[in-house]
Amino acid sequence: EDVKLMTTGEYAGIGAIISKKGEHILIREPYKNSPAAKAGLLPGDILTHVDGNSIRGKSTEDVSELLKGQPGKELFIKFLRQSKSMELKVVREKIQVPCVPYYGFVKDKIGYISFSSFIQKSGEDVRKAIFDLKSKGAESLILDLRGNGGGLLDQAVEISNFFLPKNSKIVSTKGKLSQMDKEFRGLNNPLLPDMPLVLLIDRQSASASEIVSGALQDYDRAVLIGERSLGKGLVQTVKDLPYNTKMKVTTAKYYIPSGRSIQAIDYSHRNAEGYAEKVPDSLRNEWKTARGRSVFDGAGISPDIEVKHKESPRIVMELVYRDFMFDFVNDYALKNKTIGDISTFKISDELFEQFKVFLKGKDFKYETESQKSLEKLIKDAQAEKYYDDSQQVLEQLKKEFTHSIDRDADLFKEEISEQLAIHFIQRYYFTEGLIEYRTFLDEEISKAVEVLSDKEAYTKLLR
């Protein structure tokens, strides 16, 4: 079943993401139009029983197994919503996890496709999105591979062939056994042979994503924007074993058209402790693209334009990781059916004040890096007998560094509001709506639009 989900994106269940929070298993997000959503399960619902079976103490994997199974079967699910015990009947269905969760326009005539995984129908879904965007007037395209961990090799070859000429060499594999040495070429005429194209990649873009982005970079067919990719250039083959089990075994390495390997960790050489390490930048080899641009092997795919992300303030990270935003939005949604249109939604001053009041009721505390450093300084000063002379200054600093919700929330209002808005959009409009919302604020997408809007700059980057 796990292999089937990895290769097809299909399973039978209720269609919801679940997670563990403390001792509880809760609904994190029901998929749009899924059995869970249709039955009325909501984000934040704490599961207690599935078909009479208590899930107390069970892991997310255990509960996931209970929720999956024969399509058409009714499940009776008991749960807590705001401490009130409730029960619903959910009918399992076949669930298809979308590999193209969203596509649309980010600007006049600039199409955008969010592409999340390489499964059996990925080529078909990406093709449909391309045709639809082109029929509506798209003259350039952004293909978003951020967070795409890869999947099936044949889909990577097919999607690369959408943009590269027939018979183009897209990837080859080389292994210890000669039968693993293979070459894969485009079999068809391209769908978009010359439409300006930008690919977005990040540190989670891996494997098949790196084949597509690397091949298009090697042929100077697309501008890559974002962060260096993961560097997973190993081929796994699935072997059948007894008792209806399977094993994935590494059998070869990928090499993209320029001849470079994208593998970042060198398993053939190990350090003194026996661990494999990443290939250092000093040992990466230079290769050339079709037009003579320098590219390097040994550490994934480097973008043509790097966009560095600013780190979130500690308060924002704590509010997200400890689910204060998630809980606030769920409470709000139980009392408010709508929040307005995706394109115009923003956190109002009134809503922000409500969130601050909510935090005060939760006794929200966290420790900043400044506080940690100051505590260490005080201990060091005491150990070295400087504390008595500096006590007044250190205690004043300690007072200054002690945070309050009002002060810190107002200080980081912009960053908190941005994350809070993301939680609201996902709660009301599901993942599809969240991707659409992010297109309005995303740094990489803004950069891609800038590049695609300037034909001379786009051409110069690929020269």
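## Reading helices, strands and burial in a predicted model

Guide: Let us start with one residue, Ser172, whose place is in strand E12, a strand that covers residues 169-174. Please keep in mind as we go that this is a predicted model.

Visitor: Is Ser172 buried or exposed?

Guide: A residue counts as buried when its relative accessible area is under 20%. Ser172 has a relative accessibility of 8%, and therefore it counts as buried.

Visitor: Which residues is Ser172 in contact with, if its neighbours within four places in sequence are left aside?

Guide: With those neighbours left aside, Ser172 is in contact with Lys182 and Glu183, and also with Lys253, Tyr254 and Tyr255.

Visitor: Could we read a residue in a helix in the same careful way, and where is the place of Ala333?

Guide: Ala333 has its place in helix H8, which runs over residues 324-335. Its relative accessible area is 9%, so Ala333 is buried. Not counting residues up to four places away in sequence, Ala333 touches Arg427 and Tyr428.

Visitor: How many residues apart in sequence are Ala333 and Leu42, and what is the distance between them in space?

Guide: In sequence Ala333 and Leu42 are 291 residues apart, whereas in space they are 9.6 Å apart, taken from C-alpha to C-alpha. For the protein as a whole, if we take the contacts with a separation of 6 or more, 68% of them are accounted for by residues 24 or more positions apart.

Visitor: How are two packed helices described?

Guide: The general idea is that two packed helices are described by the angle between their axes together with the distance between the axes. In this structure, helix H7 (residues 314-321) and helix H13 (residues 413-438) pack at an angle of about 20°, and their axes are 9 Å apart. Because angles under 35 degrees count as roughly parallel, H7 is roughly parallel to H13. The crossing in which H7 passes H13 is right-handed.

Visitor: Which residues of H7 and H13 meet?

Guide: From H7 come Ile315, Val316, Leu319 and Val320, and these meet Glu415, Ile416, Gln419 and His423 in H13. Sorted by kind, the residues of this contact of H7 with H13 are 5 nonpolar, 2 polar and 1 charged.

Visitor: What can be said about the whole protein, beginning with how many helices and strands it has?

Guide: The protein has 15 helices and 22 strands, and its C-alpha trace spans about 70 × 65 × 55 Å along the principal axes. Of the 463 residues in the protein, 43% are buried. The accessible surface comes to about 25100 Å², and 50% of this surface belongs to carbon and sulfur atoms.

Key. Residues numbered from 1 in each chain as written. Predicted model: local features only at pLDDT ≥ 70, side-chain atom pairs only at ≥ 80, totals over all residues. Heavy atoms only, no water. Axes fitted to C-alpha atoms, helices over the stretch in contact; angles between N-to-C directions. Helix = DSSP H or I, 4+ residues; strand = E, 2+ residues; numbered from the N terminus. Parallel < 35°, antiparallel > 145°, perpendicular 65-115°, else oblique. Left-handed = near helix turned anticlockwise from the far one by under 90°. Contact = heavy atoms within 4.5 Å. Nonpolar A, V, L, I, M, F, W, Y, C, P; charged D, E, K, R; others polar. Buried < 20%, exposed > 50% of the residue type's maximum accessible area, 1.4 Å probe, protein only. Areas by Shrake-Rupley, 256 points an atom, 1.4 Å probe, with all protein chains shown as cover.
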